[in-house]
Every structure is written in C-alpha cells, then in structure tokens.
Amino acid sequence: MGTHPDWWTSRPEHIDAAASSVRTGRRSVLVRSAGHREVTLFEYGPKAELRRQANYGSAAGAGDLSCYADKTSSAPVVLLVGGIHGGEMDAIVALLHFIHVLEKGVDGRGKRHDYIFEHARRLRFLLIPCMNPDGRARVPFDSFSGKTMETMRYYMQGTWKDGTLCGYPDCKKAHPIREHVDFLGAYFNDDGVNMMHDQFFEPFANETKALLRLAADEAPDMTVLLHSGGNGKNGMLPTHYIPHTVKQRLHCLDVRLDKRSSERGLPYISRLTPAEDGMESPPPSFNLASAVHHVCGGASVVYETSMGLDAGGIVLSADEILDAHFVLFEELIRDLLAGDNGIPIAGDAEGQDIT
C-alpha cells in the first residue's frame with residue numbers, strides 16, 4: 001500500500017507545469033503565501049462587466065442585488081479552491097486534471113470527459129489548485145494513500161510542544177497555532193493560520209484576504225472548497241449561517257450528487273438537509289465557506305473526499321478519488337446551466353445537450 005500512479009500530480013512543480021501549458025485559459029499569481037510561495041489562479045471564460053455600484057451587503061440592504069452584480073447577460077461563475085489545508089492533496093490532483101480537461105477534453109489518465117469539455121465553455125471558472133502552498137511544502141510525499149491515521153495526523157495537524165499529536169478537532173483550540181506547536185502541520189500557513197477559521201472581518205492571513213477579495217470581485221454563483229478527510233464517503237458539509245434558499249439549493253445539488261455517485265459505483269453521503277443554525281451550544285462555526293457567501297451572495301460549500309488511508313472505513317483508490325471529483329465537476333456545470341433553482345431541466349438527466 002502507499003503507492004500512487006504516475007498521473008497523481010500534487011507537487012508545486014506540477015502546478016507550474018499546468019500553468020506553462022495553459023493555452024485556452026489564463027494563469028496568474030493571486031497572492032504570495034506567508035512563506036512567500038506563489039498561489040496560482042487559473043481562469044477560463046471571459047470576465048463579465050457586472051456594472052457594480054455597491055458591495056454585496058449594501059445591495060442586500062437595498063433589496064436590489066443587481067446593485068452589487070448585474071448578471072442578466074453574464075455567464076455563471078464557479079470558484080473551485082483546493083489545498084486550503086495544504087496536505088489535502090486529492091483536490092490539487094483533481095483540479096490539475098480538470099484543467100487538463102478544459103484544455104484538451106481528456107484528463108491526465110487519457111479519460112474523456114465530453115460533457116465537461118463541451119459545456120464548461122458556457123461558464124467562467126476560477127481555479128486555485130493549492131491555496132496553502134506553505135502547508136503543502138511540509139508534506140514529503142504526494143499522497144496519504146496507504147498511510148496510517150497517525151501519520152496523517154502528524155503531517156496534517158502537527159504536534160504540540162510536548163510532542164503529542166495535535167489531532168482533530170483539538171488543533172483548532174489555538175489560533176494562530178504556530179507558537180503552541182513543536183511541528184507545524186499542513187493545515188496551516190507558515191504563520192500558523194488555518195484559513196478555514198481565519199478572523200474574517202480582519203483576516204490574519206493575506207491568503208484569506210486575497211481569496212475573499214477574489215470572491216467579492218468575481219461574484220461567483222458557486223464556490224466549492226475542496227477538502228479531504230479520513231476514510232469515508234465523499235460528500236458536502238453543511239455551510240452555516242447562510243440563507244435558507246441557498247441551503248435548499250445546495251441540498252438539491254447534494255441529492256443529485258448522491259444519485260450520480262451511486263450510478264457510477266462511488267460512495268457518497270448526502271447530509272445537507274436545510275436546518276436552522278445555532279440551536280445548540282456551542283454553535284457551529286462560521287467558517288471560510290460561510291464567509292465567502294457573505295462577500296458575494298453565491299452558494300458556497302465544502303466538498304470532502306476520502307484520502308485512501310490504511311485505516312478502517314471505505315478505502316478509495318486513486319482512480320475512485322479522481323472520478324468522484326469529476327462527478328462533482330460535471331454536476332456543478334449541470335446545476336449552473338439549469339438555472340437558479342439548481343433543478344435539471346427536462347432532457348438533461350441522461351447527459352443530453354442543454355439548450
């Protein structure tokens with residue numbers, strides 16, 4: 001166990017290679033990390049002129065969201081972010097293969113994705129394969145496949161001053177965590193900031209500021225923060241403190257992802273039943289997914305896949321992990337081309353053309 005195929009590309013040089021090979025898209029440096037590493041942004045599709053005259057919160061206060069972003073003549077915008085926790089490398093791999101599909105119609109395995117290649121051009125994509133290159137630099141291998149839970153915890157969350165594993169969720173009890181640890185895990189940038197739980201009204205990390213500015217500027221209709229966890233079913237996690245209408249839309253997408261995954265023999269857990277937040281104490285976290293919604297108004301959610309650990313639960317292969325991401329990518333396109341309610345239009349269920 002512990003091996004991965006040649007197409008499993010998760011290192012900084014793989015991101016650089018993808019950037020060098022871009023022909024139909026555009027690549028730029030979004031920001032430099034706390035450790036002065038480049039965070040690369042890939043763009044596909046033209047940027048719309050949104051005729052903005054207010055920020056999102058002010059437009060919502062006015063009861064007219066077109067004052068923030070007039071989308072009557074613009075393509076839907078999708079923001080996909082990987083590597084927020086730098087050691088969660090599955091999303092880095094998936095986004096680099098997605099870029100390969102957008103460029104050539106096939107992923108790095110040579111597998112065709114005709115629906116994505118044909119229809120993705122009708123959307124604008126903003127892709128960040130690795131938001132936290134500092135954390136990625138602390139992991140000396142390319143995949144956690146076949147690694148033990150203890151190894152994953154060591155490299156992902158680090159160790160306290162006494163050498164014990166920080167673990168999950170205790171690694172969130174100190175933030176920024178840098179001064180509290182002996183080994184800084186890949187969750188964090190070089191300043192010890194976990195971007196998922198930054199201080200969003202005055203962020204600690206320039207990386208967080210840059211991501212929120214990008215969301216505010218681009219007004220994405222859908223943002224997905226791509227994560228990995230221990231062995232288990234793939235699925236989206238609830239986003240707290242967002243409107244019920246947005247939760248309902250994400251629930252519809254969640255149900256369809258469950259169905260599509262089952263059709264392709266991939267495990268999935270549907271868990272986005274809309275519910276009121278804060279009924280219990282302590283309340284759920286207002287995290288990065290919540291913050292993204294509140295700067296741009298779009299749907300924002302965390303999608304998590306298995307790491308393929310040498311541990312209990314459902315152990316996915318490298319191919320299954322990548323395939324699960326492509327189910328997500330395809331359904332996001334279907335969702336956004338279907339309209340605001342996220343319900344597929346007639347004739348789309350079998351992958352026919354959407355007109």
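**Exercise 1.** Find how the expected span of helix α3 agrees with the distance between its end C-alpha atoms.

Solution. Helices here are DSSP runs (H or I, at least four residues), numbered from the N terminus. The expected span is 1.5 Å times one less than the number of residues. For the 15 residues of α3 this should come to 21 Å, and the end C-alpha atoms are 21 Å apart, so the two agree. The model is predicted: local features need pLDDT of at least 70 and side-chain atom pairs 80 or more, while totals for chains, interfaces and linings use all residues. Residues are numbered from 1 along each chain, and side-chain values use heavy atoms, without hydrogens and water.

**Exercise 2.** Decide whether α3 is largely enclosed by the rest of the structure or not.

Solution. Buried means under 20% relative accessible area, with a 1.4 Å probe and protein chains only. In α3, 13 of the 15 residues are buried, so the helix is largely enclosed. After α3 comes Gly105, with a positive phi near 90°.

**Exercise 3.** Describe the crossing of α3 and α10.

Solution. The axes, lines fitted to C-alpha atoms over the stretch in contact, with angles from 0 to 180 degrees between N-to-C directions, belong to α3 (residues 90-104) and α10 (residues 318-338); they come within 10 Å and cross at roughly 60°. That makes α3 oblique to α10; oblique covers the angles left over from under 35 (roughly parallel), over 145 (roughly antiparallel) and 65 to 115 degrees (roughly perpendicular).

**Exercise 4.** State what Glu331 touches.

Solution. Glu331 lies in α10 and, at 1% relative accessibility, counts as buried. With contact meaning heavy atoms within 4.5 Å, Glu331 touches Leu253, Arg256, Leu257 and Arg260, leaving aside residues up to four places away in sequence.

Note on methods
Helices (H or I, at least four residues) and strands (E, at least two) are DSSP runs, numbered from the N terminus. A crossing is left-handed if the near helix is turned anticlockwise from the far one by less than a right angle, and right-handed if clockwise. Buried means under 20% relative accessible area, exposed over 50%, partly exposed in between (1.4 Å probe, protein chains only).
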